[in-house]
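Q: Got a structure here I'd like to talk through. Can we start with how it is divided up?

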Amino acid sequence: MRAAQVSKLEGPESIEVVDIPEPAEFPGGVVIDVHAAGVAFPDVLMTRGLYQMKPELPFVVGGEVAGVVRSAPEDARVRAGDRVVALTMLGNAVAETAVTAKEMVFRLPDNISLEAGAGILFNDLTVHFCLRNRGRLAEGETVLVHGAAGGIGTSTLRMAKALGAGRVIAVVSTEEKAEVARANGASDVVLTDGRSDGPGGGSLRNHGGTREGRDQQGWLAAVKELTGGRGVDIVLDPVGGDRFTDSIRSLAPAGRLLVVGFTAGEIPTVKVNRLLLKNVEVIGAAWGEWVMTHPGYLQEQWDEVAPLLESGKIAAPQPVLYPLTETAAAVAALDNRSAKGKVVVTVR
């Protein structure tokens with residue numbers, strides 16, 4: 001089979017499309033003919049050996065697939081011929097064939113294409129875990145998401161209102177990314193330099209006074225204005241970096257800042273007196289770790305998310321598609337933060 005493989009830890013450019021043997025079947029495994037595979041920021045780190053879990057070289061990139069079941073155990077929830085989405089977790093996704101545990105395979109609703117399906121599990125279930133389990137989202141609360149034009153960001157915009165949010169504020173770095181955020185359902189869009197628009201779109205307005213002020217607190221000033229000075233109930237942050245302290249400042253009383261990742265590269269620190277003075281929380285939200293230590297949790301999530309996708313209450317992803325031969329470019333788009341939406345590699 002053809003697969004996108006890493007044989008040396010030199011970053012996304014080291015990914016090569018090669019012919020390798022199909023993966024071995026195992027008891028309880030489901031064999032899937034892969035049509036599309038999702039990639040995410042952990043794939044960037046894994047190509048450099050920087051992720052906390054390090055697969056042995058050589059390895060196939062990607063952690064989620066959409067395709068058609070070739071074979072499944074008798075006690076699986078899926079059968080041969082079913083359209084499915086599945087997690088392979090760390091690697092083994094961007095290939096023509098995947099084998100994964102039956103507990104990680106789910107029927108794809110008929111109204112969602114295989115290409116869109118490949119963009120659902122990793123990001124949407126991460127966001128579901130963040131907002132439901134870790135963020136304790138209550139009906140009508142306001143959610144702010146950084147990196148709102150990326151995979152986690154667009155998932156948050158698509159899902160938050162269906163899960164109970166009353167308002168979703170997107171923070172992005174460019175006007176082009178602002179358009180992506182609006183298309184994915186943002187109530188309001190704020191640029192990192194402090195320009196914003198309100199409900200329904202419109203022109204972006206400047207906040208924060210001088211250029212120096214805008215650089216330091218522009219987006220924060222815009223968010224404070226949009227919320228009448230109150231702030232937001234939840235910040236979902238996959239970016240990290242130098243905006244972290246202002247994320248704490250943006251919280252309303254009893255607000256929660258969810259730490260999802262560090263695509264900016266820098267891991268920030270927290271001065272806990274800020275938490276004490278404002279009665280706010282900084283909460284780690286590591287979905288993958290939770291899944292690995294809570295058997296049955298994935299099925300619980302899918303049982304809630306799938307009907308929302310099937311009914312249209314959560315829109316299907318609008319992924320950015322790359323052919324298999326351009327897998328290196330697909331992962332590089334996550335590395336250089338040029339990706340606008342979920343990145344999916346088409347395999348068939």
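A: Sure. This is a predicted model. The domain assignment gives domain 1 as 2–119 + 317–346 and domain 2 as 123–287.

Q: What separation do the centres of domain 1 and domain 2 have?
A: Their centres, taken over C-alpha atoms, are 29 Å apart.

Q: And how many residues does each domain put into the contact?
A: Domain 1 contributes 10 residues. Domain 2 contributes 16 residues.

Q: Switching to secondary structure. How many helices and strands does the protein have?
A: There are 11 helices and 18 strands.

Q: What about overall dimensions?
A: Along the principal axes, the C-alpha atoms fill a box of roughly 60 × 40 × 40 Å.

Q: How does the radius of gyration of the protein sit against a compact globule?
A: It agrees. A compact globule of 348 residues would have a radius of gyration near 20 Å, and the protein has 20 Å.

Q: What share of the residues is buried?
A: Buried residues make up 55% of the 348. Buried here means under 20% relative accessible area.

Q: And the exposed surface?
A: The protein exposes about 14400 Å². Carbon and sulfur atoms supply 50% of that area.

Q: Back to contacts. What share is between residues 24 or more positions apart?
A: Counting contacts with a separation of 6 or more, 67% join residues 24 or more positions apart.

Q: Last topic, charges. How many are positive and how many negative?
A: The protein has 35 positive and 42 negative charges. The mean positions of the two sets are 6 Å apart.

How values were computed
Residues are numbered from 1 along each chain as its sequence is written. This is a predicted model: local features need pLDDT of at least 70, side-chain atom pairs count only at pLDDT 80 or more; totals for chains, interfaces and linings use all residues. Side-chain values use heavy atoms; hydrogens and water are left out. Helices (H or I, at least four residues) and strands (E, at least two) are DSSP runs, numbered from the N terminus. The radius of gyration is taken over C-alpha atoms; the globule rule is 2.2 Å times the number of residues to the power 0.38. Buried means under 20% relative accessible area, exposed over 50%, partly exposed in between (1.4 Å probe, protein chains only). Contact means heavy atoms within 4.5 Å. Accessible areas come from the Shrake-Rupley method with a 1.4 Å probe; for residues, only the protein chains shown count as cover. Lys and Arg count as positive and Asp and Glu as negative; His and the chain ends are not counted. The place of a charge is taken as NZ of Lys, CZ of Arg, CG of Asp or CD of Glu. Domain bounds come from an automatic or database domain assignment.
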